[in-house]
Amino acid sequence: MLAAVPYLWSTAAIATATAVSWALRGLIADESLSMVFLSAVLVSCVIHGRNVGIVSAILAFVSYNVLFLEPRFRFSFEPVSDTLTLVVFLAVALLTGGLAGRVRDQAMATAARASTMTVLFHASRVLATSADRKEIAAMLAEEVARATRGTAHVFVRTGEGIAWTGSAASDGAPGETSVRAESEPGSDVIAFAEHMWTRIGSAEGGVPFAPFHERFATYPLGTMRQPIGLLVCQRSSVGRGFALDDETIPILCELGAIAMERAYLMQEMTKAQVLAESDKLRTALLSSISHDFRTPLSGILASVTALLEQGEHFSAQTARELLGDIRDQAERTNRYVANLLDMIKLEAGAIGVKLEPTDAIDIISAAARRCKAPAARGLTRGWLRSIPDKSCLVEADPVLLEQAIYNVLDNAMLYSPGGSAVEVSLHASLHVAEIVIVDEGPGIPSEDLERVFDKFYRVSTNRPTAQGTGLGLSISRGLVEAMGGTVRATSPVKDERGTAIHICLKRVYET
Amino acid sequence: MPQCNVLIVDDETQIVKTLRLSLSAAGHNVLTAANAAETLDVLRRESVDAMILDLGLPDRDGKEVIAEVRQWSDLPIIVLSARHLEGEKIAALDAGASDYINKPFSMGELLARLRVALRLHHRRSATTLAYRTHGLAIDFAARQVVVRGKEVHLTPKEFDLLRVLSQHAGQVVTRNQLLSFLWGTGEGRDSQVLRVLVGQLRQKIESDPRVPTLLLTEPGVGYRLNADGEETD
């Protein structure tokens, strides 16, 4: 019924003109009153175009004739003068209507272009935000659904065929909120898309792609190289957006295809980076294995062969020293194997984590006890000075937490100058407990604070042999993170020396 | 310590050889077996006083061997296991192993564990009335505990906990074993109760409860009463 509004409006305009003329009647000549009606016709034309103008011209002529020309209150038609009046009215309506119509059409075209631009701009901005093909497909479907105020389905190539990746539907109303994502379309849509896909495949070499069907329209998604998918628009019964064969949709499709291509390339790039990364890791692993296994093993072999071949020339004390060396080197190899095992298990995600309320102090003292165990005595140079005095429950796996703390303590003792202390403290807030292990070693340059948790990273030291495996802290972090905690390093602690390792875990309370 | 027959079960000949040398040097008579079948065979034929068992046997699971042996013998069994196999260790202990030691181990540590196991085994046949170590003295009949010369008052549960641990002094007792001893059944019971009880007992018997020297935690496995330098009546 909206179409009737302009006609009602023009009728009202003519009625107003009639009222004004009635009021002016007697003041000016009746013939001049036609000007008032002419103005009303003009206004109707300008605002509502030619058709409305013609209707109002006829209305104006009838009103003028009946009310203001003799004989009054009766329609009479004098061939000459009345024909002239009618012709003038109609001529004004036609001419003005034509001009106004053209202006209006231009304005509408401009508005449509603006709205197309808005749609395209919005789409290109949205599509640029994602690097995930599935997400881009869903976004493209949404944009097309919004533009057509219909339903859109996006299919993306998988090997030889295509697979549905995203759909969206508009409820017909304009605006952002009217579009919602849809679940997988019906089998008719999928069958149609698959059919069209085979046609795209066979339509190589410039055979025109015929995308239309009584209910669906299809557009290929493709860049210069090859089609990478298909867009299916379903005609909507309500609302009216862009015509389905409008140029906007192919442009949207192209934007979507470019975005998907970009996502694909980025994915490939990440893969390549990961490969390069694992290649680097493999190299590090190889050089570490050859160094960390061979160094202690050659030490052991040297000491053992010395004892075997020249043992009778050694004093009892020398022999004991050599045996002590063998023990230390074997201990070092063992530590390395244990670390490698832990590392591999962490990398493979094969660590079973059993979280339970665990007394942090209890675990700290168990780890400290292991550090002081006789077997490790040959390697530790520092000593453990203090244990925190607040009891505190954390959510942790006691075995893994003990290993994590042990690794940090062990590392701290290895890098501590002889006799200096390693201190452990515990700081608890409402939700978090922080275990801090501080050594008096040389510290870590601030740019390397994160890198100490990298695999095989060793702080350069002027000590002739670095005893660490370069894995301890990395494992600690892996273990603590597997328990939902965090590990970080700060340095220096005081007097330009010392490193603090902070292990943060979630606190729990007695129930 | 009188001469004992010790059975070493391991399929690693190098380890067996070293253990044989060390145990012989310590005055023991050494028997060996390389798999489960041989083990059971030796146990039936010989009078064995203690067994050192590697859990990774070629023919059968070491835990099954323990369970089978426990049907007819209470000889001390010390399990050799890798550090990271906590679950395996607990299962072996719950199946009846007396103690465990992580591989690789130092010989001194192994000999100490063996001494503890043999001593506890010998004593179990006699009735023990008292226990004394590291300034801790327990009179089982009078339920009296003296720490560093001062008598402390324990609740019945605390006393029971201390008694179980002291009866296995130097050996680990799993959380399941403690729970079932103290509350009848370990099934489904929250081990937090045990942790709290251990905390209370430490407050009363340790000179610094934060750095326990008597009642030690074996993370994830259980508890051990430190028995180094133990003297008994």
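A residue is counted as buried if 20 or more other C-beta atoms lie within 10 Å of its own. By that criterion, four of the five residues of strand β1 (residues 5-9) of chain B are buried in this predicted model. The strand is therefore largely enclosed by the rest of the structure. Across chain B, buried residues make up 36% of the 233 residues.

Chain B contains eight helices and twelve strands. Of its contacts with a separation of 6 or more, 57% involve residues 24 or more positions apart. The enclosed strand β1(B) pairs with two others. With strand β2 (residues 29-33) of chain B, β1(B) runs parallel, and five bridges join the two. Here Val9(B) has Ala33(B) as its bridge partner. The connection from β1(B) to β2(B) passes through helix α1 (residues 13-25) of chain B. This β-α-β crossover is right-handed. The pairing of β1(B) with strand β3 (residues 50-54) of chain B is also in the parallel sense, over four bridges. In β3(B), Leu53(B) stands opposite Val9(B). Val9(B) thus has a partner in β2(B) and another in β3(B).

An antiparallel pair occurs later in chain B. Four bridges join β11 (215-218) to strand β12 (residues 222-225). Glu218(B) stands opposite Gly222(B) in β12(B). Three residues separate the strands of this hairpin. Gly220(B) takes a positive phi near 80° there.

Chain A holds an open sheet of five strands. Their order is β3-β2-β1-β5-β4, and the pairing is antiparallel. The edges are formed by β3 (179-182) and β4 (216-222) of chain A. Each edge strand has a single partner, so one side of each is left without a neighbour in the sheet. The twist from one strand to the next averages 25°. Within the sheet, strand β1 (residues 151-158) of chain A is joined to strand β5 (residues 227-234) of chain A by six bridges. Val154(A) stands opposite Leu231(A) in β5(A).

Two helices are placed against these strands. Helix α7 (residues 248-310) of chain A packs on the sheet and touches β1, β4 and β5 of chain A. Its direction makes about 40° with that of β4(A). Helix α5 (residues 133-148) of chain A lies across β1, β2 (161-170), β3 and β5 of chain A. The angle between α5(A) and β2(A) is about 45°.

Elsewhere in chain A, Leu38(A) lies in helix α2 (residues 34-48). Leu38(A) counts as partly exposed because 19 C-beta neighbours lie inside 10 Å, whereas a buried residue needs 20 or more. Neighbours within four places in sequence aside, Leu38(A) is in contact with Phe89(A) and Val92(A). Leu38(A) and Phe89(A) are 51 residues apart in sequence, yet their C-alpha atoms are 6.4 Å apart.

The two chains meet through 15 residues of chain B and 18 residues of chain A. On the chain B side, α8 (191-205) and β11 (215-218) each supply at least two residues. That side has five nonpolar, six polar and four charged residues. Strand β11(B) therefore takes part both in the contact with chain A and in the hairpin with β12(B).

Several backbone features stand out. Most residues other than glycine have a negative phi, and most peptide bonds are trans. A cis peptide bond joins Ser491(A) and Pro492(A), with omega about -5°. Pro492(A) is in the loop between β11 (486-490) and β12 (500-506) of chain A. The loop between β11 and β12 of chain A also holds Glu496(A). Phi of Glu496(A) is positive, near 65°. Glu496(A) is exposed, since 9 other C-beta atoms lie within 10 Å.

Chain B shows a cis bond and a positive phi as well. The peptide bond from Lys103(B) to Pro104(B) is cis, with omega near -10°. Pro104(B) lies in the loop between β5 (99-103) and α5 (107-125) of chain B. Arg143(B), not a glycine, has a positive phi of about 50°. Its place is in the loop between β7 (136-139) and β8 (144-147) of chain B. Arg143(B) is partly exposed, with 14 other C-beta atoms within 10 Å.

How values were computed:
Residues numbered from 1 in each chain as written. Chains lettered and ligands numbered in written order. Predicted model: local features only at pLDDT ≥ 70, side-chain atom pairs only at ≥ 80, totals over all residues. Buried ≥ 20, exposed ≤ 12 C-beta atoms within 10 Å, placed from the backbone. Pairing = 2+ DSSP bridges. Axes fitted to C-alpha atoms, helices over the stretch in contact; angles between N-to-C directions. Contact = placed C-beta atoms within 7 Å. Nonpolar A, V, L, I, M, F, W, Y, C, P; charged D, E, K, R; others polar. Right-handed = clockwise from strand over helix to strand, strands pointing away.
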